[in-house]
Amino acid sequence: MSPLDLPPDLRSRLRRLSITPRRAAMLASAGMHDSRNKGGGLEFAQYRAYERGDDLRSIDWKLYARSDRFFVRDAERESPVAVWVLLDASASMAQADLARPDWTRFDAARRIAACLIQIALDQGDRFGLIVEGATGPMVLTPHAGGRHRDRLSLTMAPLKASGVANWSHDVALFGEQIGPHDLILILTDGFDDDCIAVAERLAASGRDVCLIQILTGDERDFPFDRGYRFRDPETGAALVADGPAMKTEFLARFAAARTAVAARLDAVGIRHAAYFIDESPDQPIRTLFRPTGRA
């Protein structure tokens, strides 16, 4: 199954979740939060041809009876809020677990991205995508609707994690496209200092930033029971070591590194969640945002 395919049981759980801006209380009069909602606004704008992913309830059945074609009533509410998914595509995201070598951090990150986009679609929000990789950022600006979701999925499907991202340079290229009231969700392993510095910089500018740290089960459990060659995928540096002998020290350093990252994020008000790639992809979303009770 592709990382971008969401099983029915997962889709069902996503319908009970929401992506909520930190300033949601200021927008409470608009429902969960005010949104740019094609097909769900109060004022009629125009008819347009039905697109895959549109809400079937928005189809004008009387017009269908006359024309034998599907049209939807397109209404729109303006919103200062858009949901951005910022996907780390550097080489360290290609790491996988020993038990499942065909499922990488990047696969897990793309599945979480697909979940976030689906929730934003269900909410009627605009959503956009930034992919930060070795060749510079790829930016797809926010829009609403099923066709835009499909466009982002088609963009993510062939991507591979490779090379070294230049976060400190590239933030100037994608950061200016993020509105002052937009919500940014960063999906990364969290151990690139430049990436964390960019998150801090975006938060310091007043933007609402969340970060999901994508971790492997091997980092949590360190199941290496013999000698291994450990290699840094971005620098190429290698270490030959005995797994059992270094387990205690590795786990202590890993815990300390996670604590240090969390402290930096907390210091600038960035909401964050840790996610191990053998867990359910909706778990970190539940950690960041409370369930709504929506059926």
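Begin by selecting Ile19, Leu187 and Ile214, which touch the most other members of the largest nonpolar core, a set of 44 residues in what is a predicted model. Then add helix H3, residues 105–123, to the selection, since the largest share of this core, twelve residues, comes from that helix. As background while you look at this region, nonpolar side chains in soluble globular proteins tend to be buried together.

Keep Leu187 in view and show what surrounds it. Leaving aside neighbours within four places in sequence, Leu187 is in contact with Val85, Leu86, Leu87, Asp88 and Met93, with Ala109, Ile112, Ala113 and Leu116, and with Ile212 and Ile214. Apart from this core lies another one, of 21 residues, and for a starting selection there you can take Phe174, Cys195, Leu202 and Leu265, which are among its members.

From Phe174, Cys195 and Leu202, go on to a pair of packed helices. Select helix H5, residues 167–174, together with helix H6, residues 193–204; the two pack at an angle of about 35 degrees, with their axes 9 Å apart, and H5 passes H6 in a right-handed crossing. To see the contact itself, display the side chains of Trp167, Ser168, Val171 and Phe174 on H5, and those of Asp194, Cys195, Val198, Arg201 and Leu202 on H6. Sorted by class, the residues in this contact are six nonpolar, one polar and two charged.

Next, select helix H4, residues 146–156, and colour Gly146, His148, Arg149, Asp150, Leu152, Thr155 and Met156, which are the buried residues of this helix. What do the buried residues of H4 pack against? Their partners are strand E3 (82–88), helix H3, strand E6 (126–133) and strand E7 (136–143), so it helps to show these four elements along with the helix.

Within H4, centre the view on Arg149. Is this arginine buried or exposed? Arg149 counts as buried because its relative accessible area is 15%, which is under the 20% cut-off. For a distance to draw in the viewer, take the C-alpha atoms of Arg149 and Ala114, which are separated by 8.5 Å although the two residues lie 35 positions apart along the chain.

Now move to strand E7 and pick out Met138. At 33% relative accessibility, Met138 counts as partly exposed. Not counting residues up to four places away in sequence, Met138 touches Leu129, Ile130 and Val131, as well as Thr155 and Leu159. Thr155 of this group is 17 residues from Met138 in sequence, and the two are 9.6 Å apart from C-alpha to C-alpha.

For the last residue, select Phe222, in the loop between helix H7 (217–221) and strand E10 (227–231). What is the phi of Phe222? The angle is positive, about 45 degrees, although the residue is not a glycine. Most residues other than glycine have a negative phi. Phe222 also counts as buried, at 4% relative accessibility.

Finally, zoom out to the whole chain, where there are nine helices and twelve strands. Buried residues make up 48% of the 295 residues, and the chain exposes about 14,400 Å², of which carbon and sulfur atoms supply 53%. Among contacts with a sequence separation of 6 or more, 74% are between residues 24 or more positions apart.

Conventions:
Residues are numbered from 1 along each chain as its sequence is written. This is a predicted model: local features need pLDDT of at least 70, side-chain atom pairs count only at pLDDT 80 or more; totals for chains, interfaces and linings use all residues. Side-chain values use heavy atoms; hydrogens and water are left out. Axes are lines fitted to C-alpha atoms, for helices over the stretch in contact, and angles run from 0 to 180 degrees between N-to-C directions. A crossing is left-handed if the near helix is turned anticlockwise from the far one by less than a right angle, and right-handed if clockwise. Contact means heavy atoms within 4.5 Å. Ala, Val, Leu, Ile, Met, Phe, Trp, Tyr, Cys and Pro count as nonpolar, Asp, Glu, Lys and Arg as charged, and the others, Gly among them, as polar. Buried means under 20% relative accessible area, exposed over 50%, partly exposed in between (1.4 Å probe, protein chains only). Accessible areas come from the Shrake-Rupley method with a 1.4 Å probe; for residues, only the protein chains shown count as cover. A nonpolar core is a set of buried Ala, Val, Leu, Ile, Met, Phe, Trp, Tyr and Cys residues joined through side-chain atoms within 4.5 Å.
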